[in-house]
Amino acid sequence: MAVASLTRMTVPLAADQSNPNQGLLMPKLKYRFRVMFENFGVSTPRTELTKQVVDFTRPSVTFDEIPIEIYNSRMYLAGKHTWEMLTVNLRDDASGEVARLVGEQLQKQLDFNEMASAAAGIDYKFLTKVEILDGGNGKNAPTVLENWEIYGCYLNQVNYNDLNYGSSEAVTISMQIRFDNAVQTPNGSGVGSTVARTLGSIVTGVGSAG
């Protein structure tokens, strides 16, 4: 197969919409990522959490619906938004580093021995950073293709999961993370970037009220 033909291995578009010398863009790959936790637990370093991550869900956001009832029909507007909880699974290492950090974070949220809670959210909330990488390693430092900074995190649920005589899998700890806000920065744009605002005088934003 001629190398030039690879440029045609994509969806054909109109001549004024497509670069004839470019084929399909390289996708980001699920297994090239790292997750960092800042102000998580008490002990340092926290890098063992990063090294023991099995999988992680990227942020998901949902907007409430605001129905506008009108003559013979209805319209919808976007209401308040909700960030869905994140899920991360960690391997529980034999040295107990991961279990200790997770336990410390839970204790920051609520002292399970003394039944005493934190005075304010800032006392226990942490920052989570997720980076999708290009595969670089060693002498070739990885390039960050996408970055999420996730603010106001706390552990909503922790599951220490099961033990099983009939399984050869590693023991894991599952965490659900509730958070307040997230900002995405792929190449300087994305969720949280500056977008020009359009002002309209009616619900649809077209024309003017009469």
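Is Phe-37 buried or exposed in this structure? At 4% relative accessibility, Phe-37 counts as buried, and before I go further I should say that what we are looking at is a predicted model.

Let me stay with Phe-37 for a moment, and with its partner. Phe-37 and Phe-40 form an aromatic pair, with 5.5 Å from centre to centre and 55° between the planes, so the pair is classed as tilted, since that word covers angles that are neither under 30 degrees nor over 60. Phe-40 is buried as well, with a relative accessible area of 0%. Ring pairs then bring in Phe-126, and together Phe-37, Phe-40 and Phe-126 make up a cluster. In the whole structure, the count of aromatic pairs comes to 5.

Now to the core. In soluble globular proteins, nonpolar side chains tend to be buried together. Here the largest nonpolar core has 25 residues, and the ones with the most contacts inside it are Phe-40 and Ile-150. At least two residues of this core come from each of several elements, among them strand β1 (33–38), helix α2 (97–109), strand β8 (126–133) and strand β9 (144–159). If we leave out residues up to four places away in sequence, Phe-40 touches Arg-46, Leu-49, Leu-101, Val-102, Gln-105, Phe-126, Leu-155 and Met-175.

I would like to turn next to strand β8, and to two of its residues. Thr-128 is found in this strand, and at 0% relative accessibility Thr-128 counts as buried. Setting aside neighbours within four places in sequence, the contacts of Thr-128 include Phe-37, Phe-56, Trp-148, Ile-150 and Cys-153.

The other residue in β8 is Glu-131, and here one may ask which residue forms a salt bridge with Glu-131. The partner is Arg-34, and the closest N and O atoms are 2.5 Å apart. This pair links distant parts of the chain, because Glu-131 sits in strand β8 and Arg-34 in strand β1, 97 residues apart. Glu-131 is buried, with a relative accessible area of 13%, which is under the 20% limit, whereas Arg-34, with 30%, is partly exposed. Beyond Arg-34, the residues that Glu-131 touches, again not counting those up to four places away in sequence, include Phe-33, Met-36, Val-144 and Asn-147.

Side chains of opposite charge can pair when their charged atoms come close. A search of the whole structure finds 8 salt bridges, and I will mention a few others. Lys-125 forms a salt bridge with Asp-180, where the closest N and O atoms are 2.7 Å apart. Lys-125 lies in the loop between β7 (116–117) and β8, while Asp-180 lies in the loop between β10 and β11 (181–184), so this pair ties together parts that are 55 residues apart in sequence. Both partners are partly exposed, Lys-125 with a relative accessible area of 23% and Asp-180 with 46%. There is also a network, in which salt bridges that share partners join Lys-28, Arg-58 and Glu-146.

Finally, the side chains of Arg-74 and Glu-69 meet in a salt bridge, at 3.2 Å from N to O. Arg-74 counts as partly exposed at 45% relative accessibility, whereas Glu-69, with a relative accessible area of 53%, is exposed.

Note on methods. Residues are numbered from 1 along each chain as its sequence is written. This is a predicted model: local features need pLDDT of at least 70, side-chain atom pairs count only at pLDDT 80 or more; totals for chains, interfaces and linings use all residues. Side-chain values use heavy atoms; hydrogens and water are left out. A nonpolar core is a set of buried Ala, Val, Leu, Ile, Met, Phe, Trp, Tyr and Cys residues joined through side-chain atoms within 4.5 Å. Buried means under 20% relative accessible area, exposed over 50%, partly exposed in between (1.4 Å probe, protein chains only). Helices (H or I, at least four residues) and strands (E, at least two) are DSSP runs, numbered from the N terminus. Contact means heavy atoms within 4.5 Å. A salt bridge is a side-chain nitrogen of Lys or Arg within 4 Å of a carboxyl oxygen of Asp or Glu. Rings of Phe, Tyr and Trp (its six-membered ring) pair if their centres lie within 6.5 Å; planes under 30 degrees apart count as stacked, over 60 as edge-to-face and the rest as tilted.
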